[in-house]
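Ready for a little practice in reading secondary structure? Keep the model open beside you and work through the exercises one at a time.

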Amino acid sequence: PPRGRNKSSHFEDLFSSEQEHDPRLIHINDPVRTNDRYEFTGNEIRTSKYTLITFLPKNLFIQFHRLAYVYFLVIAALNQLPPLAVFGRTASLFPLLFVLFVTAIKDGYEDWRRHRSDRNENNREALVLQHGDFRSKKWKHICAGEVVKIHSNETMPCDMVLLGTSDPNGIAYIQTMNLDGESNLKTRYARQETVTMISHSSYLGLIKCEQPNRNIYEFTATMELNNQRIPLGQSNIVLRGCQLKNTEWIIGVVVYAGQETKAMLNSTISRSKSSNLESYMNRETLWLSAFLLITCSVVATGMGVWLFKNTKNLDALPYYRRKYFTFGRENRKDFEFYGLALEIFFSFLSSVIIFQIMIPISLYITMELVRVGQSYFMIGDTRMYDSSSGSRFQCRSLNINEDLGQIRYIFSDKTGTLTQNKMEFQQASIYGRNYGSSLQSHRANMTGSPSQKSMLMHYSWHF
């Protein structure tokens, strides 16, 4: 969510009207002054869905998006009413509580892995300028305004404006695969005015940039350095998640950190996923629920007709006598008869409880247990283990196991994504002699000089 910030009185016209009077001011190598007036976020990120406080209510809310769970909750609640109790009150709660517990354990384990991944990411270290020297500092403690040094093959901890690189011309090469999936290297530049800043170790200046936004291909800012205004653009900023390649080192100043980086603004909170089979079961649950209501309505209607015809004989009929006539403690006690309308209504609800087996809760319990077992075997599959990297199959979402390998549509921007463009030598006929194949070729009648002899090459493309 946007945080309240003090507004600046003047800014350049190169910004949009919305941000013209509210730029972000970054004091180079002065994080205290930068973060004193402006409530910038830290560099700690969180991609998990739950916390210890929100886990139980939020998880139950997500689970009850399944229509069957709502149905079983209604059945368990009806069975707690004394006039409708068909089965034991406590026993009717066990199946629902069991399936909710198993699903909560599974979701909690998945979110615990997200917390572990976030913790490892936040505890990574980078070189930050502190007291005139670059020292190691955890990513989560980096804040806007600090000067960071990144070496080759390292990942950017936040969004930074380049101040200098190991190249004398201020050129840096980065890989943006984590952002846009492109493996080719992108070129970024440090302004020549800031390169001299690195050589003299004088990190002073003010950057006025736009507020955090999701556009990873645009950046608008200016830098005030030695009474000069230097324009900055998209080619002068490196984003979080990019890797430095073919460049020994770069030095930059942090302008966006943590959840305000462009990478995190483009990442959405992981939603609860459901498989096609689960969607199909929800539709079937609706149809079965409609059929159940019709059946119970027929039973309640028949009960009403029978009670209406036998209103005068209810004292003599079993279960509807006004008083008990026994020799025990219940002798002469009034029987619980609630009237014609309520008896019809209770008959309808009792029928719902009796016919609840149309939608078996055991099916959902079995599905949850099967998913847990499937994930165990998939993770432990030795044929999906990569010995070179020491990595194995990871099951990040247990709710979509049954959709594994079921692909309906493939969208591709080029054929190289789906095929292996590799040209292999198959056959060549040079001066009538066959090469590279067992196929028989006849020697051609060659006349004249060798330069006049024909040459035939055969290649094939494999897709």
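**Exercise 1: the sheet**

In this predicted model, 4 strands form an open sheet with antiparallel pairing, in the order 1-8-9-10. Your task: find which strands are the edge strands, and work out how neighbouring strands are turned against each other on average.

*Solution.* Start with the edges. Strand 1 (24–27) and strand 10 (228–232) each pair on one side only, which makes them the edge strands. Next, turn to the angles: ignoring direction, neighbouring strands of this sheet are turned by 20° against each other on average.

**Exercise 2: strand 9 and its surroundings**

Find how many bridges join strand 9 to strand 10, and which helix packs on the sheet.

*Solution.* Begin with the pairing: strand 9 (residues 221–225) and strand 10 run antiparallel and are joined by 5 bridges. Within strand 10, Arg 229 stands opposite Glu 224. Now look for the helix. Helix 6 (residues 192–199) packs on the sheet and touches strand 9 and strand 10. The direction of helix 6 makes about 50° with that of strand 9.

**Exercise 3: two helices**

Describe how helix 8 and helix 10 are arranged, and which residues make the contact.

*Solution.* First, the geometry: the axes of helix 8 (residues 276–309) and helix 10 (residues 361–379) come within 13 Å and cross at roughly 175°. Angles over 145 degrees count as roughly antiparallel, so helix 8 and helix 10 are roughly antiparallel to each other. Helix 8 contributes Leu 277, Glu 278, Met 281 and Thr 285 to the contact, while helix 10 brings Leu 363, Tyr 364, Met 367 and Arg 371. Finally, sort by class: the contact has 5 nonpolar, 1 polar and 2 charged residues.

Key
Residues numbered from 1 in each chain as written. Predicted model: local features only at pLDDT ≥ 70, side-chain atom pairs only at ≥ 80, totals over all residues. Heavy atoms only, no water. Axes fitted to C-alpha atoms, helices over the stretch in contact; angles between N-to-C directions. Parallel < 35°, antiparallel > 145°, perpendicular 65-115°, else oblique. Contact = heavy atoms within 4.5 Å. Nonpolar A, V, L, I, M, F, W, Y, C, P; charged D, E, K, R; others polar. Pairing = 2+ DSSP bridges.
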